[in-house]
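Got your viewer open? Let's take a short walk through this one, with a couple of selections to make along the way.

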Amino acid sequence: MKINIRLLSIGLIGTLGLSSCSDSFLEDKKNYDNANKDIYNYYSGANGRLNDIYSWCLPTTNDLTWKYPSMGNADIAGKSTEEYSGFSDFVNPEVELTSTSSTNAVPDFFMGTQNNIQEAVYGRIRNINDAIAGISGSTLSDEEKNTLLGQIYFFRAWCYYNLVKWYGGVPLVKELLDPVEDSFTPRSTAKECIDFILEDLDKAATMLAAKTTNGGWTGSDYGRVTTGTALALKGRVLLLWCSPLFNRANDRSRWESAYAQMTADLPTINACGYGLYSSSSNVNGSDFAAQFLTSGKNPEAVFVTLYNNIAGDGLDNQKNNSWERGIRPANTGGSGKGACAMLVNLFPMADGKIPAGAGTYTKLEASSVAYDANYPFVGRDPRFYRTFAFPGFRWAYNGDASAKDPNNPSDGKNFELWNYVWYTDLNDQGNPESGSSYGADNLLGSKQSIYVRKKSDDLDVNGSPLYQYVATDTKGAAPFYSAAPLIELRYAEVLLNLAEVACGAGHPDKAVEYLQQIRQRAGYTAANGYGLQANLAGDEATCMSAILYERQIEFAYEGKRFDDMRRWMLFDGGATPVPGAPATWQLTGWGGNTCTWLGFKQFNGQRRDNIEFRVADKYGVGGTNFDSDPLLKNGGTRCAAVDLRNADLDTQLANLKTWYADNLAVKEKRGDGYDSQHNLLYIYFRPKYYFLGLASGAQNANKGLPQTIGWEDYNNGGAQGTFDPLAQ
């Protein structure tokens with residue numbers, strides 16, 4: 001494959017490696033730039049090379065790009081799901097992505113930044129291949145080679161996985177090639193790519209076994225990938241290959257093979273120290289919240305990026321997690337992420353069942369607990385309260401935001417979220433398209449209707465917060481410099497991946513056992529069957545629907561939902577043909593429509609509107625200042641905020657509901673777009689998006705690569721693409 005990269009230095013930046021609480025990966029400050037091959041004969045040099053690969057390949061809290069997977073932000077992936085409203089490029093009905101122009105261009109997850117070996121996709125793979133060749137041919141001992149190569153093979157598999165899930169078959173560059181004109185590698189089939197990824201992951205698992213299958217890495221090495229990490233990613237890859245996206249005929253042998261392999265691998269994953277995070281004091285879902293805040297050895301963190309809370313001005317050892325700042329309200333120094341009402345309405349009720357009338361998973365048993373969308377916080381799954389935040393909920397943090405703005409609430413240790421709004425004009429108050437509202441407690445225009453609370457370092461959950469609160473912005477300092485780890489692959493996913501292949505292989509009874517483990521950690525018990533309906537073990541379609549629903553809830557705002565929707569083709573059920581596609585693309589398994597088979601309401605044709613809580617009519621309108629809250633100025637008072645530390649949650653929620661009824665009203669807010677005539681628009685994910693085409697820039701730099709079927713070929717005058725991602 002021709003890659004236009006002029007920077008051929010090895011690019012070793014050891015000081016930008018992983019960091020943990022002890023900053024163990026940052027202790028070695030040698031600079032390995034432009035190193036020669038002899039560096040691989042020294043363990044410190046080879047390890048510096050490995051640390052450089054970590055620094056470039058580990059996931060981050062940034063938005064989805066070719067470099068990093070989606071981690072829960074309102075990015076192009078998040079805004080293509082039930083988690084956020086507002087059309088992304090993938091679901092905008094008025095814009096069709098193109099592969100022949102820079103206008104409305106299909107996202108480039110294939111090429112990256114040209115002329116920079118670290119910022120280009122295959123530049124990173126080239127660096128990995130260089131390290132594999134250098135270490136394999138070095139004078140290091142076999143034990144040292146295995147320790148290093150096991151980790152490097154994992155990251156090569158990780159890089160290719162993140163290509164294959166978008167494009168199907170991609171060029172497999174297995175050796176170190178110079179980026180010159182005659183270095184060309186054609187697109188391999190998707191099957192060849194999957195096999196290569198699995199081969200690398202098996203190598204990684206075998207090479208790391210001696211070091212990691214007795215409880216995992218310890219001490220300063222904690223955070224590195226393990227045998228269990230490799231096998232867990234292997235399970236995700238096997239599941240992708242089984243799923244409708246790649247398995248249109250529902251070949252049962254794929255499911256059976258995946259089930260056998262993943263079942264055999266589970267004890268080894270466990271031997272690496274992984275398991276569901278739990279404690280002896282789980283109150284209102286506190287264990288679910290705490291799993292994201294464990295900076296030491298955490299059984300849930302199978303594949304994790306470690307951070308520190310070092311503040312400074314571009315220090316090379318500064319590696320901060322930005323999530324906490326991103327979700328915190330503006331009156332605490334954050335910005336806030338606004339949750340979509342669609343997902344709020346889908347979350348299970350307290351009995352574990354889907355709310356009656358949700359209409360999304362029609363094969364799932366509706367809850368007997370009444371749901372009132374005016375009071376969405378009443379009687380919900382314990383995870384609900386750790387995923388969303390509403391007016392009248394305590395959300396403590398370690399700090400004092402009044403040091404930044406004296407009008408902000410000052411006591412972080414007792415912070416209560418009061419993000420209800422008021423309007424300055426009664427006409428706006430009833431207009432769903434109006435955003436001219438002002439939030440209480442100095443939120444004013446910088447407010448969210450319902451806040452994402454997921455993965456928050458809540459002071460009530462973690463008394464030793466992992467963030468450094470900085471009220472004033474000095475030297476680029478942000479209010480929340482967090483050392484909270486970022487977990488890309490949790491043990492809960494290991495179990496749910498296994499549940500899914502068990503169901504697909506014809507063992508729904510085993511799938512239910514894995515679902516029960518997830519539900520038990522969430523707070524359910526055997527007394528009510530862990531909140532699961534009784535017929536799952538005897539109904540494969542309903543069981544699979546329950547698994548996908550559980551994934552949607554368990555992994556909300558972790559960047560997993562869009563991948564699940566694509567691989568199960570939930571936008572249209574896979575029923576809409578792609579122009580120019582062969583007959584083999586037709587979905588013949590699952591009755592020809594995954595949505596119908598699952599009982600899932602297809603996402604295409606829906607829209608996501610939101611709600612906000614405004615002051616009741618009796619309080620009238622307010623002003624635009626922090627002290628112009630009409631509720632407080634006109635005799636209203638606030639009730640006690642809900643404190644999740646208090647086990648008696650039902651009484652608190654009932655009191656808050658009463659207060660809402662007397663003081664607030666629900667207002668519909670338009671989320672997704674509308675046309676120039678203010679007609680409502682509806683989600684439309686075009687079938688060709690299930691497999692992406694190569695963007696024009698990537699095609700121009702790789703003129704020999706065929707375009708994907710369904711997309712126009714930039715190098716051939718816009719002719720239809722010929723590469724078949726499903727061909728074997």
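Which element supplies the largest share of the lining of the largest pocket? That would be α9, with 4 residues. Keep in mind that you're looking at a predicted model.

**Stop one: the pocket.** Select 341-346 to get α9, then add 610-615 for β11; each of these gives at least two residues to the lining of the largest pocket. The space in there comes to about 430 Å³. To find the middle, show A341, M342, N345, A358 and D609 as sticks: of the 22 lining residues, these are the closest to the pocket's centre. Now colour the lining by class, and you should get 10 nonpolar, 6 polar and 6 charged residues.

**Stop two: a helix pair.** Next, select residues 491-504 for α11 and 540-554 for α13. Their axes come within 9 Å and cross at roughly 165°. An angle over 145 degrees counts as roughly antiparallel, so α11 is roughly antiparallel to α13. As for handedness, α11 and α13 make a left-handed crossing.

Zoom in on the contact itself. On the α11 side, pick A492, E493, L496, N497, A499, E500, C503 and G504. Facing them from α13 are E540, C543, M544, I547, L548, E550, R551 and E554. How do the residues of this contact divide by class? Recolour them and you'll find 8 nonpolar, 2 polar and 6 charged.

Conventions: Residues numbered from 1 in each chain as written. Predicted model: local features only at pLDDT ≥ 70, side-chain atom pairs only at ≥ 80, totals over all residues. Heavy atoms only, no water. Axes fitted to C-alpha atoms, helices over the stretch in contact; angles between N-to-C directions. Parallel < 35°, antiparallel > 145°, perpendicular 65-115°, else oblique. Left-handed = near helix turned anticlockwise from the far one by under 90°. Contact = heavy atoms within 4.5 Å. Nonpolar A, V, L, I, M, F, W, Y, C, P; charged D, E, K, R; others polar. 1 Å grid on protein atoms, 1.4 Å probe; cavity = no way out; pocket = protein on both sides within 12 Å on 5 of 7 lines; lining within 4 Å. Points joined across faces, edges and corners; volume = space filled by probe spheres on them.
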